[in-house]
Amino acid sequence: MIALSNITKQYGGQVLFLEASFQLSAGEKAGLVGPNGAGKSTVFRMIVGEEHPDEGVVDRPKRVTVGYFRQDVGDMKGRTVLAETVAGAGEVANLGAELADLEAKMGDPDRDDFDEVVERYGEVQARYQELGGYDLEAQARSILAGLGFFPEQVDDDVGKLSGGWKMRVALARILLAKPDVLLLDEPTNYLDIESILWLEEFLRGYAGAVLMTSHDRDFLNRLVKKIVEIDAGTIKTYSGDYDFYEKQREIERAQREAQYERQQAMLQKEEEFIARFKARASHAAQVQSRVKKIEKIEKIEPPKRIIEKTFDFKPPPRSGDDVIKVEHVSKKFGAKVVHDGVDLLVRRGERWAVMGENGAGKTTLLKMMAGVTQPDDGRVEVGASVTMGYFAQHQLEQLDPSRTVLEELVAHSPTSNLGVLRNLAGAFGFHGDDHDKPIRVLSGGEKARLAMAKILFDAPNLLVLDEPTNHLDLVTKRALVRTLADYPGTLVFVSHDRAFLRKIANRVLELAPGKRPHVYGGSYDEYVSASGHEAPGMRPLRAKA
């Protein structure tokens, strides 16, 4: 269906692709992976025709429709959420708009072109009906509900939404349009776990082809049957899910390393012979023969290794046994009651995952625990010798954009040795020139790493984390999971990442609007088994993919 053949693409001195090729077939679900800056977004832009290769061919048949979901949604305002969604439905949306215009014209039977208008109306109406236009609004409402919108939001002004919710509208537009090919650039970034599960089910039943990037391991594993890897200018395809790709890549790396080591041993042996006998006339022919042999050998490059980040921080002091007591806590915003008499005891060493559908009050509960928000009734009591580290998405915006990475760490801990802070930056993936990067140019993931570095450097014995893996790539997530798995303190967190939940949680608190909180005393997998669902507010799939 879509093929990139012998593609070469270069920006200045950086070669993104060198005679690289891959193909996406009809109905295929594939994951596009590679380090930041490898060229994943460039592949998407070449497929939609926004960029062109320096050499090679991008073959996309004209009849094939493509929908491209990207992180930059542009400006949305002046229409309802529903109208904005329907407007993106392609031909059927255009036909709907034309029908409305024709209906208005038909209100004037004295028009000179009345007969032509009526004839055109019949043609447009037939095509509109053929494409399911009369079901379009219902389908749009179903998709928007699946992505977490309440009915009152759907009929309200899209301009009132935050950037994250506008991203959901942009995704809904593309899903409603049902193109032959979906290009999805990090579609789960701004979704809660319920919306992610709904999207998984929708895409599993989607008839078209899907090419996606994602930092969500479970999402990739459940959907894709092929991984397209971009690495140092090459594109390589693996048949299987993300876990299979990782295992296969490790096998290939071990094989390349063994080949490299064998060749290095052979070259060393030959070079030792040459060095030993090059001054002896009696061995001149043998020496010359071995010199020519070495010159003709195609050298194996040393295998590249993925640099696994390691987040090291000093051990936190021991807290008392009772870390946080939440007693009869109530909280409402206006007429909306978010919490009504919540009780919870968090004890030392426990790792609480707070689950709940959108609007259940997860973030509000964490804010009250962190002292950022006060309850209307009841109290939150922090235990003896507890030092808290609180991570939330708004803290990324509190980083000073005029400072560099290192300057931000110095401002956080001005009495610390500069070498210690450089090591801290390195532990969180900021190496060399990265130390001097202005915060204003950092990506969301880089800002999250910097904010987390500041928190962990202080070695709190209680971490309250609201979506700590948002915007983190798979390698960084894996490092954070390793760090928190070894963390000796207490954790309370919200996350939509199931791999993170599975590895970290040993208690689950489930919140639901209008219901008492439900405590599950076990891991996330035990919670899934006991509750019968992966998330409290799982949404049925009504929209036909």
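**Group meeting: strands, a helix and Asp 185**

Asp 185 is buried, with a relative accessible area of 13%. By buried I mean under 20% relative accessible area, with exposed over 50% and partly exposed in between, using a 1.4 Å probe and protein chains only. Before going on, I should state that this is a predicted model, in which local features need pLDDT of at least 70 and side-chain atom pairs count only at pLDDT 80 or more, while totals for chains, interfaces and linings use all residues. Residues are numbered from 1 along each chain as its sequence is written, and side-chain values use heavy atoms, with hydrogens and water left out.

Where does Asp 185 lie? Its place is in strand S6, residues 181-185. Helices (H or I, at least four residues) and strands (E, at least two) are DSSP runs, numbered from the N terminus. Setting aside neighbours within four places in sequence, Asp 185 is in contact with Ser 41, Phe 44, Phe 69, Arg 70, Gln 71 and Thr 213; contact means heavy atoms within 4.5 Å. One of these residues, Phe 44, is 141 residues from Asp 185 in sequence, yet the two C-alpha atoms are 8.5 Å apart in space.

Another of those contacts, Thr 213, takes us to strand S7, residues 209-213, where five of the five residues are buried. Ala 209, Leu 211 and Thr 213 point one way from S7, while Val 210 and Met 212 point the other way.

Which strands run parallel to S7? S6 is joined to S7 by five bridges, and the two run parallel; within this pairing, Leu 183 has Leu 211 of S7 as its bridge partner. Strand S3, residues 29-33, is likewise parallel to S7, through three bridges, and Lys 29 has Val 210 as its partner there. Two strands are counted as paired if DSSP finds at least two bridges between them. In general, strands of a sheet pair through backbone hydrogen bonds, either parallel or antiparallel.

I turn now to a second group of strands. An open sheet of six strands follows the order S14-S15-S16-S12-S17-S18, with mixed pairing. Its edge strands are S14 (388-391) and S18 (518-520), each of which pairs on one side only. The twist averages 15° from one strand to the next; axes here are lines fitted to C-alpha atoms, for helices over the stretch in contact, and angles run from 0 to 180 degrees between N-to-C directions. Within this sheet, S12 (residues 351-356) and S17 (residues 507-511) run parallel and are joined by five bridges. Trp 352 stands opposite Arg 507 in S17.

Among the helices, I have chosen H5, residues 136-146, in which Leu 136, Ala 140, Ser 142, Ile 143, Leu 144 and Gly 146 are buried. What do these buried residues pack against? Their partners are helices H2 (81-87), H3 (91-106), H6 (151-154), H7 (163-177) and H8 (193-204). Just after H5, Gly 148 takes a positive phi of about 100°.

Finally, the chain as a whole. The protein chain has 19 helices and 18 strands, and its C-alpha atoms fill a box of roughly 110 × 75 × 45 Å, taken along the principal axes. Of its 545 residues, 48% count as buried. Among contacts with a separation of 6 or more, residues 24 or more positions apart account for 68%.
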